[in-house]
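Q: I've got this model open and I'd like a close look at one part of it, not a tour of everything. Pick one spot, start there, and work outwards in plain language.

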Amino acid sequence: IRDVERSRGLGDVYKRQLNNCAASPITPRIYGKVVDFSTGAPIPNATIIIWDLNMLDLGIYFTDENGVYNVSGSILKLGHTYRIYAFRGNFTKNMVDYVPSVKKLKLESSEGKNVSFSLFPGALIELKGSPYLVQSSSPVGRVFVKVLNENGSDLDDHLISEYGSSVNAWFLGLNWRKIIVPANMPVILEAQIQYFSKEQSRIGKEVFYIYDGSSPFLLPQGSTKYIELSEHSLRRSLDFVNSKLKETTELLDEFQKVGFVTFEERSSLRSAQQKILEASILLTHAQNETDYEKVWIILRTVLGDMLLISMSLQHMRFVSVTSAVYLSGIMAVFSVVLAFFFFEENKKKMLSSILIYMIFLVSLYFLYPGAHIVIDENVKLFLESAAVSFVGVLAIVFGIPHFWKERTIEGEVSWRSAISII
């Protein structure tokens with residue numbers, strides 16, 4: 001009986017063990033090794049950040065002395081997608097000696113997944129100041145920075161190259177001012193600033209490149225370099241204002257060439273040139289944010305002045321072009337009036353009206369700027385306007401008498417004779 005009871009007891013234990021195994025499935029696991037890209041040596045104390053993209057949850061882990069990490073537990077769930085980052089450094093202490101790398105993984109089975117990394121030696125660049133763009137209504141904006149090879153090409157895919165307000169910087173918990181670059185390798189920075197323009201009521205972007213002086217960055221591993229974003233963005237703004245100055249000057253020359261009077265606009269442009277020179281000198285000797293802000297304010301004023309000049313020229317152009325279209329009608333009336341003044345015979349009046357009108361049109365082209373613009377840009381419009389105006393006047397003056405005979409009273413001046421007097 002005891003043997004039977006004992007066998008039953010062992011059977012119950014065995015059954016419970018089977019039930020426990022069935023109730024506790026194998027949990028997913030991610031493991032790997034982090035090594036130096038150049039030497040293959042293990043990297044101890046490297047940081048591993050695992051982001052669950054389904055839950056937006058994260059776990060932070062570190063490699064051991066052999067560069068190995070092993071992650072399991074509640075953060076890993078079947079069917080979820082993960083971003084796995086690896087780097088070595090301390091962002092708080094501004095120390096990074098390996099460039100971050102990222103891999104994406106979807107856990108589709110409970111089998112362990114090997115996610116290993118080969119990290120490239122790195123260094124840190126920190127941006128100081130604010131993005132002062134002359135196109136922006138305020139010295140603020142979203143800054144995106146991309147690390148490029150010295151020839152402007154993209155870095156290798158295994159290196160994270162986008163920082164600032166980028167997605168990878170957010171997942172890394174990296175401040176937008178910090179950019180991690182490959183060490184002992186010449187690189188440049190491509191800065192893209194998104195800004196809001198109150199004048200144009202739109203969001204724009206400006207792209208420019210940042211160098212270490214006039215050369216690419218070439219930093220030793222683990223080093224930190226500080227770059228004045230205020231100065232680089234203002235240099236870009238200065239280039240932008242100078243390009244606008246050139247465009248406005250060319251526009252003034254074009255308007256003056258066709259006959260517009262632009263003395264006041266020329267004076268405003270000379271004043272703008274003096275302000276640009278003042279801003280350039282102040283930027284060269286700028287010491288702090290107050291100086292940089294003064295440069296930005298001057299450039300904003302200059303940009304506003306050139307905008308007013310352009311608006312003034314466009315208004316002059318609009319008035320001249322509109323008047324040129326209507327002037328052809330006025331010229332047609334004057335042509336007929338002169339013909340009535342010089343001749344009595346209808347045939348001569350008709351022919352002389354045509355001749356005088358043609359002389360008026362040629363004179364209008366050479367003497368009036370609006371006519372010059374209309375004819376050069378849309379000669380069909382001008383000719384149609386001139387033809388309709390002249391035919392209309394002739395129809396009124398010569399056509400009406402065929403249908404309506406004016407009563408003749410001795411001593412009374414006829415309406416046709418009155419035209420020549422007017």
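A: One term before we start: two residues are in contact when they have heavy atoms within 4.5 Å of each other. Also keep in mind that this is a predicted model.

Let's start at leucine 303, which sits in helix α5, residues 289-342. Is leucine 303 buried or exposed? Its relative accessible area is 18%, and the cut-off for buried is under 20%, so leucine 303 counts as buried. If you skip the neighbours within four places in sequence, leucine 303 touches Val134, Phe240 and Lys244. Valine 134 is 169 residues away from leucine 303 along the chain, yet their C-alpha atoms are 7.7 Å apart in space.

Two of those partners, Phe240 and Lys244, take us to helix α3, which runs over residues 229-257. Helix pairs get described by the angle between their axes and the distance between the axes. Helix α3 packs against helix α4 (residues 263-284) at about 165°, and the axes are 11 Å apart. With that angle, α3 is roughly antiparallel to α4. The crossing of the two is left-handed.

Which residues make up this contact? From α3 they include Leu234, Leu238, Val241, Leu245 and Leu252, along with Glu231 and Arg235. On the α4 side you'll find, among others, Leu269, Ile276 and Leu283, plus Glu265 and Arg266. Sort the residues of this contact by type and you get eight nonpolar, seven polar and five charged.

Now for the sheet that α3 also meets. This is an open sheet of four strands in the order β11-β10-β13-β14, paired antiparallel. Its edges are β11 (162-164) and β14 (202-210), each pairing on one side only. Ignoring direction, neighbouring strands in the sheet are turned by 25° against each other on average. Helix α3 packs on this sheet by touching β10 and β14, and its direction makes about 110° with that of β14.

Strands in a sheet pair through backbone hydrogen bonds, either parallel or antiparallel. For a pairing to look at residue by residue, try β10 (residues 142-149) with β13 (residues 187-197): the two are antiparallel and share eight bridges. Within that pair, phenylalanine 144 stands opposite glutamine 192 of β13.

So the route on your screen goes from the buried leucine 303, through its contacts Phe240 and Lys244, to α3 and the strands β10 and β14 that α3 touches.

Methods:
Residues numbered from 1 in each chain as written. Predicted model: local features only at pLDDT ≥ 70, side-chain atom pairs only at ≥ 80, totals over all residues. Heavy atoms only, no water. Buried < 20%, exposed > 50% of the residue type's maximum accessible area, 1.4 Å probe, protein only. Axes fitted to C-alpha atoms, helices over the stretch in contact; angles between N-to-C directions. Parallel < 35°, antiparallel > 145°, perpendicular 65-115°, else oblique. Left-handed = near helix turned anticlockwise from the far one by under 90°. Nonpolar A, V, L, I, M, F, W, Y, C, P; charged D, E, K, R; others polar. Pairing = 2+ DSSP bridges.
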